[in-house]
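The exercises below go through one structure step by step. Try each task before reading its solution.

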Amino acid sequence: MNAYLRPAEGDPAEVGTPDAVQITVDGQPMRALAGQTVAAVMLANGRDAWRTTRNAGRPRGVFCGIGACYDCLVVVNGIPDIRACQRTIRAGDAITTQRGAVLPESTEVREVSKSAPKAADVVVVGAGPAGVAAALAAGDAGVSVVVIDGGRAVGGQFNRQLPVEFKARRPERLQHGWGAFTVQRDRLAKHSRITHLAESSVWAFEQGNRLWVQRGPADGVGREVFAVDAKAVVLATGAYDRVLPFPGWDLPGVYSAGAAQALAKGHRIAVGKRVLVAGTGPFLLPVAESLIGVGAQVVGLLEANSLKTVRKGWSTDPLVATGKFREALGYGVLLARHRIPLRHGWTVIAAHGEDHVEAVTIARLDADWNPIPGSERRIEVGAVCLGFGFTAQLELAVSARCELTAGPDGGPAVTVDANQQTTTPGVYAAGELTGIGGADLASAEGRVAGTAAAHHALAAGIPPVVAADVAEVVKGRRFAGALARAYPVREGWRSWSTQETVVCRCEEVTRGDIEGAVVERGVHDGRALKLTSRAGLGLCQGRVCSRTVAALAAGQYDVPKAGQDDVPKAEMKRPIAVPVRLRDLADAQEEL
Amino acid sequence: MPGAATADVVVVGAGIVGAACAEALTAVGVKVVVVDRGAVASGTTASGEGNVLVSDKEPGPELELAIASHAEWSAVLARLPERVADVEWEDKGGFVVAKTDPGPLKEFAAKQQAAGVDARVISPEDAFELEPLLTRNVTIGVHYPDDAQLQPVLAATALLTAVRDRGGSVRSGMDALSVRTAAGRVVGVETSAGEIACGAVLNACGPWAGAFGAAAGAPIQVLPRRGMILVTAPLPQCVRHKVYDADYVGAVGSGDAELQTSTVVESTRAGTVLIGSSRERIGFDDSIRVKVLRELARKAVGLFPFLGDVAVMRTYGGFRPYAPDHLPIIGPDPRVPGLWHAAGHEGAGIGLAASTGRLITELFLGLTPHVAPDPFRVDRPAVLAS
């Protein structure tokens, strides 16, 4: 029923024996291993909730697993509002459950280092496939590069690795494209012109390419806050899972698909013993694969789109489809070997349980994704993992005043030219934030963006075209287009939730609250809808709910709209991209 | 149906001031159409703290308007439709504290007392009774029980709901382009969706009131002053009043372009603590300036040291409209009969909105005004000077 840490015995990654670390949770010692995050410690010990919400007192734990949703908040050494999925434990940490809103009572020692770079020719934000490729391309072009990323190691979500403390002898067995990645990773680490700032995040983007960074253990006090001035910037901030609301989706045990994968690949944690994977898109396949790898029983994989839709979508671009066919076949063999049923046209429409998911209701969907009455079935599960595509992490691009457009999936994306330059001169974008298209496209865009950014920094004009990169980008964009056509999100998802369903998880705003604000107060969107309903005003700043809120609000009034997923730029405006402790902000180093 | 629309008064601007004027007018049966080029309550109204203050004003016409408006808000809230009447009104009181020489604050409070403000001088020992988490460096405090707070977007949308309930209409996404006159009088408003025939037009465009005035043939001097606010992660109840550093008092009346910040710290019902506020004269530039945020953070931690370990999760800001003499502009424009203005309330528009709506209505109907209207008249030199 509960989450667990996969035993090292028989693990294909051949995990070694990490050192034990002394920590306490709510005053009691808890078994913890070096390199684990607070969330990994909790889940390894079978705890999947460690926070209660402010209003209803509901339990919460990990949801997105990659730092976007702010649902897994915990108190560490007296400091509340720390994301358990982002914070790596240290010896002596005293971890406590966060009940509602909590005042800090700091016992942390503030140890601020002051050795950060203050300027670079090119600053790359994000160290996933796009960011790593961009940094190497820029460094190779002869300019100084600073890469800023929240992770402890480069790789992002796609190449998420086990902590070094796990001493895995065969880490490649958990990865796709490991060989190529390690070459890049090692080259980046040794590159004389590239500086990598780990456990660092850009919390503000000031005009004139000044990036404000905070560095140090995630969300703690005493992080170093400083500015880095760049001649050119490459934004490679990636994306996070899109999850659609239904009754019970805020129960512990309901995870984004990305969370399940990050915990499995990054910590050998299984989110449950019996797990159901549901949503849409080929990304659900590697998620199921990761779950199998940590020994979970995957009771089913539900693809919301019908096989007909998927086939028709891929067939719009057969050339692209053939390339991915072999990969799909491989997953098909894996699912068959583990007797995991793959059902098209089905999804989860409710999760049941008091303080934890115990069962889900699944239903067959019609072409518009409305549940077909009578098709509902109840399945006992310990966890459910959901992914309905992705939402790009756009706030820095918005702060940089980059124009947005609709990506291939209809979601918001950054407009770029052939050199990956945004509408803001000197600011480039690569990877998922220019449109959801996967790691290969992200890498290709990163190479183009890094090269172009270096040329910009050197005032050397526009770089010569590299035919191979252009071809790769073109191919990747065609793949992204076919992907979106094969796995569309249909409007019927709105019928899964009720008036009582929480839509904004942070502020516990229900669908009824949102629709009520529209109907009673005549507000349609933007700040007025936020401030009357409170949807999107929590710590995640609307990352999880803004697309859903916009769609639900639009359903309440008759205004012509560009498309279901057309999100106003204002919804992505987060001038403070990640929270900053007030004293750290107060101590921010003087400008140059 | 654009073109066929008619109204007694077209209110241009669906912020708190336009909404309050429309509500007051419809309360006495005037037929009103409210238009806004954007969404309702999404400009200056959505970017402030929701101040209903008497503490920050020197004796004079604005203080008189503020005192009247505090009382008027009760009357307005009482007549709002019940389903939208909760606007998070809180009689929390203001608490101004000095950390240096207690003299100037004491003198300021004495002047306000003479003008009828309930201002109570508080010793440092008693200050911690009022605010237990306050810095120990306080030399004197003044408690203003009549300072209050409301949630401006809830208030504005509730006022507009009342307008609709009374047969008025509210049209967002409709840009008022100019006024049409016949025989020297306003007879309609040209909008992006056609003309609305009307007897009068009320310019309630906030910081953009100068531009609409000019488009209507009657330019007025209204300038934007930018203000930023920091929002913390939700906290349990920890700050009981609106707490100001005494230097706030100096900043409101000033016209210096240079950045000024004066600390204002307060909790909201949602648990967040709001930290304001900065004042910058930089036109309509809305780009983030970390220097400003850092200054706000420094001063807030100086006032409430526990805030140092609290996370700030959001910042927002907007443009406060002000006239060069720092008084609101309320009344008819003698240059274009039928054109009215209600603008230039600077950072006090939320608090002053209720009385502004009543004053506009009284002047419109020829009733005896409840406050002296003359200091706010449109044709004063500071407003008409180009």
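**Exercise 1. Place Ser277(B) in its secondary structure element and describe the peptide bond before it.**

Solution. Ser277(B) belongs to strand β15 of chain B, which covers residues 273–279. Helices (H or I, at least four residues) and strands (E, at least two) are DSSP runs, numbered from the N terminus. Next, take the bond between Gly276(B) and Ser277(B): this peptide bond is cis, with omega about -25 degrees.

Two notes apply throughout. The model is predicted, and local features need pLDDT of at least 70, side-chain atom pairs count only at pLDDT 80 or more, while totals for chains, interfaces and linings use all residues. Residues are numbered from 1 along each chain as its sequence is written, and chains are lettered from A and ligands numbered from 1 in the order in which they are written.

**Exercise 2. Decide whether Ala114(B) is buried or exposed.**

Solution. Start with the rule: a residue is buried if 20 or more other C-beta atoms lie within 10 Å of its own, exposed if 12 or fewer, and partly exposed in between, with C-beta atoms placed from the backbone. Ala114(B) is exposed because 10 other C-beta atoms lie within 10 Å. The residue is part of helix α3 of chain B, residues 103–114. As a last step, compare sequence and space: Ala114(B) and His370(B) are separated by 256 residues in sequence, and their C-alpha atoms are 20 Å apart.

**Exercise 3. Describe the backbone and the surroundings of Gln420(A), then of Glu508(A).**

Solution. Gln420(A) is not a glycine, yet its phi is positive, about 65 degrees. The residue sits in the loop between β28 (412–414) and β29 (427–429) of chain A. Gln420(A) counts as buried because it has 29 C-beta neighbours inside 10 Å.

Glu508(A), also a residue other than glycine, has a positive phi near 55 degrees. Its loop runs between β30 (502–504) and β31 (509–510) of chain A. Glu508(A) has 19 C-beta neighbours inside 10 Å, so it counts as partly exposed.

**Exercise 4. Characterise the fold of chain A by its elements, extent and domains.**

Solution. Count the elements: chain A has 14 helices and 32 strands. Then take the extent: along the principal axes, its C-alpha atoms fill a box of roughly 65 × 60 × 55 Å. The radius of gyration is taken over C-alpha atoms, and the globule rule is 2.2 Å times the number of residues to the power 0.38. For 592 residues a compact globule would have a value near 25 Å, and the 23 Å of chain A agrees. Of the 592 residues in chain A, 58% are buried.

For the domains, the bounds come from an automatic or database domain assignment. Chain A is divided into domain 1 (119–238 + 391–483), domain 2 (241–388) and domain 3 (499–564). Between the C-alpha centres of domain 1 and domain 3 of chain A the distance is 31 Å.

**Exercise 5. Do the same for chain B, and describe how its domains touch.**

Solution. Chain B has 10 helices and 18 strands. Its C-alpha atoms fill a box of roughly 65 × 40 × 40 Å along the principal axes. With 386 residues, a compact globule would have a radius of gyration near 21 Å, and chain B, with 21 Å, agrees.

The assignment for chain B gives domain 1 (6–79 + 152–221 + 325–384) and domain 2 (94–145 + 223–322). Their C-alpha centres lie 28 Å apart. Two residues are in contact if their C-beta atoms, placed from the backbone, lie within 7 Å. By this rule, 23 residues of domain 1 of chain B are in contact with 28 residues of domain 2 of chain B.

**Exercise 6. Which elements of chain B give two or more residues to the side that touches chain A?**

Solution. First take the totals: chain B gives 43 residues to the contact and chain A gives 39 residues. The elements of chain B are α5 (152–165), β8 (169–172), α8 (290–303) and β16 (311–322). The largest share, eight residues, is from α8(B).

Finally, look at the strands. Strand β32 of chain A (residues 580–581) is joined to β16(B) by two bridges, and the two run antiparallel. Strands pair if DSSP finds at least two bridges between them. Opposite Val580(A) stands Val312(B), in β16(B).
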